[in-house]
Amino acid sequence: MSTTLPSPNAALVPGTVVLDEQVEARGPWSAVVAAGDVLTIVDLDGNQAVDCLLYAAADTSVRYSASVTIAEQRSIILTTGSVLRADTGLPLMTVVADEVGVHDTIGGACSQEANTLRYGQHTREQHACVENFLIEGSRWGLGKRDLVSNINWFMNVPVDPDGALGIVDGLSSPGKRVALRAEVDTLVLVSNCPQVNNPCNGFNPTPVRMIVTTPEDAS
């Protein structure tokens with residue numbers, strides 16, 4: 001049964017809670033967020049990257065596009081007001097509130113292959129975000145060919161003047177949140193990033209909280 005939204009450290013947009021779950025460190029998560037509902041992602045311990053993919057629930061061939069989103073907003077950074085668009089240009093979700101101000105669109109998702117290339121053969125068997133996406137995506141009939149460039153909530157990827165990318169400590173802290181309103185029924189896939197070879201998680205993956213609310217002013 002739905003309950004009235006509790007207070008501190010919960011959803012950024014007041015409303016009735018329809019889902020409230022914790023994603024364990026390194027783990028996957030997914031849900032369909034109904035059009036008009038708001039998903040709040042809570043960085044419980046701070047400095048935890050949350051890799052994310054979006055699909056139109058009615059047709060998963062319509063999925064988040066980093067290139068279309070970046071081109072439309074003319075910025076590689078996501079924050080309040082950013083519209084997360086599909087490859088067709090369709091708005092899937094909109095960032096309606098943000099306590100951090102910088103979220104990444106270009107850093108990609110870690111994989112076993114990428115870990116090996118970047119950090120050495122000894123990392124080959126480490127579980128990674130691509131594996132989380134494949135595990136969770138299989139519940140919705142999605143496979144490797146359905147994976148596209150992803151969003152990295154709370155992840156800080158500065159771009160140097162020469163175009164080089166850095167992966168550095170995040171700007172988030174314990175309890176910081178970002179809220180996303182679904183513009184259509186949207187399938188959200190998450191990998192609560194297991195990466196321990198760079199600072200995106202402070203070398204220590206931690207849990208996050210996913211809260212879906214129906215706003216108080218929704219008809």
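These are my notebook entries on salt bridges, backbone angles, a surface patch and a cavity in a predicted model.

**Entry 1: salt bridges**

I began by looking up the charged side chains that pair with each other, and the count came to five salt bridges. I followed three of these pairs further, and I started with arginine 63, which forms a salt bridge with aspartate 146, the closest N and O atoms being 3.1 Å apart. I then asked where in the chain the two partners sit, and found that the pair links distant parts, 83 residues apart. Arginine 63 belongs to the loop between β5 (50-56) and α1 (66-73), while aspartate 146 belongs to the loop between α3 (129-137) and β10 (151-153). Are these two residues buried or exposed? I noted that arginine 63 is buried and that aspartate 146 is buried as well.

Next I turned to arginine 177, whose salt bridge with glutamate 99 has its closest N and O atoms 2.7 Å apart. This pair, too, links distant parts of the chain, for arginine 177 is in strand β11 (residues 176-182) and glutamate 99 is in the loop between β8 (91-98) and β9 (103-104), 78 residues apart. I checked the cover over each partner: arginine 177 has a relative accessibility of 14%, so it counts as buried, because buried means under 20%. Glutamate 99 has a relative accessible area of 30% and is therefore partly exposed.

The third pair I looked up was arginine 181 with glutamate 183, whose side chains meet in a salt bridge at 2.9 Å, N to O. I wrote down arginine 181 as partly exposed, because its relative accessibility is 31%, and glutamate 183 as partly exposed too, because its value is 29%.

**Entry 2: positive phi angles**

I then looked up backbone angles, and noted that arginine 26 has a positive phi of about 80° although this residue is not a glycine. I found arginine 26 in the loop between β2 (15-23) and β3 (28-33), and with 42% relative accessibility it counts as partly exposed.

Arginine 74 gave me another case, since its phi is near 55°, which is a positive value in a residue other than glycine. Arginine 74 lies in the loop between α1 and β6 (77-78). I recorded arginine 74 as exposed because its relative accessibility is 77%, and exposed means over 50%.

**Entry 3: a nonpolar patch**

Which residues make the nonpolar surface patch of about 290 Å²? I listed Ile76, Ile106, Val159 and Leu165 as the residues that make this patch. I looked more carefully at leucine 165, and placed it in the loop between β10 and β11. With a relative accessible area of 49%, leucine 165 is partly exposed, because the exposed class holds values over 50%.

**Entry 4: the space inside**

Last, I looked up empty space. Rolling a probe the size of a water molecule over the atoms shows where such space is left. I noted one cavity of 30 Å³ or more, and about 90 Å³ of space lies in the largest cavity. Of the 13 residues that line the largest cavity, I wrote down the closest to its centre, which are Gly108, Ala109, Cys110, Met155 and Asn198. I also looked up what kinds of residue make up this lining, and they divide into six nonpolar, five polar and two charged.

Notes: Residues numbered from 1 in each chain as written. Predicted model: local features only at pLDDT ≥ 70, side-chain atom pairs only at ≥ 80, totals over all residues. Heavy atoms only, no water. Salt bridge = Lys/Arg side-chain N within 4 Å of Asp/Glu carboxyl O. Helix = DSSP H or I, 4+ residues; strand = E, 2+ residues; numbered from the N terminus. Buried < 20%, exposed > 50% of the residue type's maximum accessible area, 1.4 Å probe, protein only. Patch = residues over 30% accessible without salt bridge, like charges linked within 9 Å, V, L, I, M, F, W, Y side chains within 5 Å. Areas by Shrake-Rupley, 256 points an atom, 1.4 Å probe, with all protein chains shown as cover. 1 Å grid on protein atoms, 1.4 Å probe; cavity = no way out; pocket = protein on both sides within 12 Å on 5 of 7 lines; lining within 4 Å. Points joined across faces, edges and corners; volume = space filled by probe spheres on them. Nonpolar A, V, L, I, M, F, W, Y, C, P; charged D, E, K, R; others polar.
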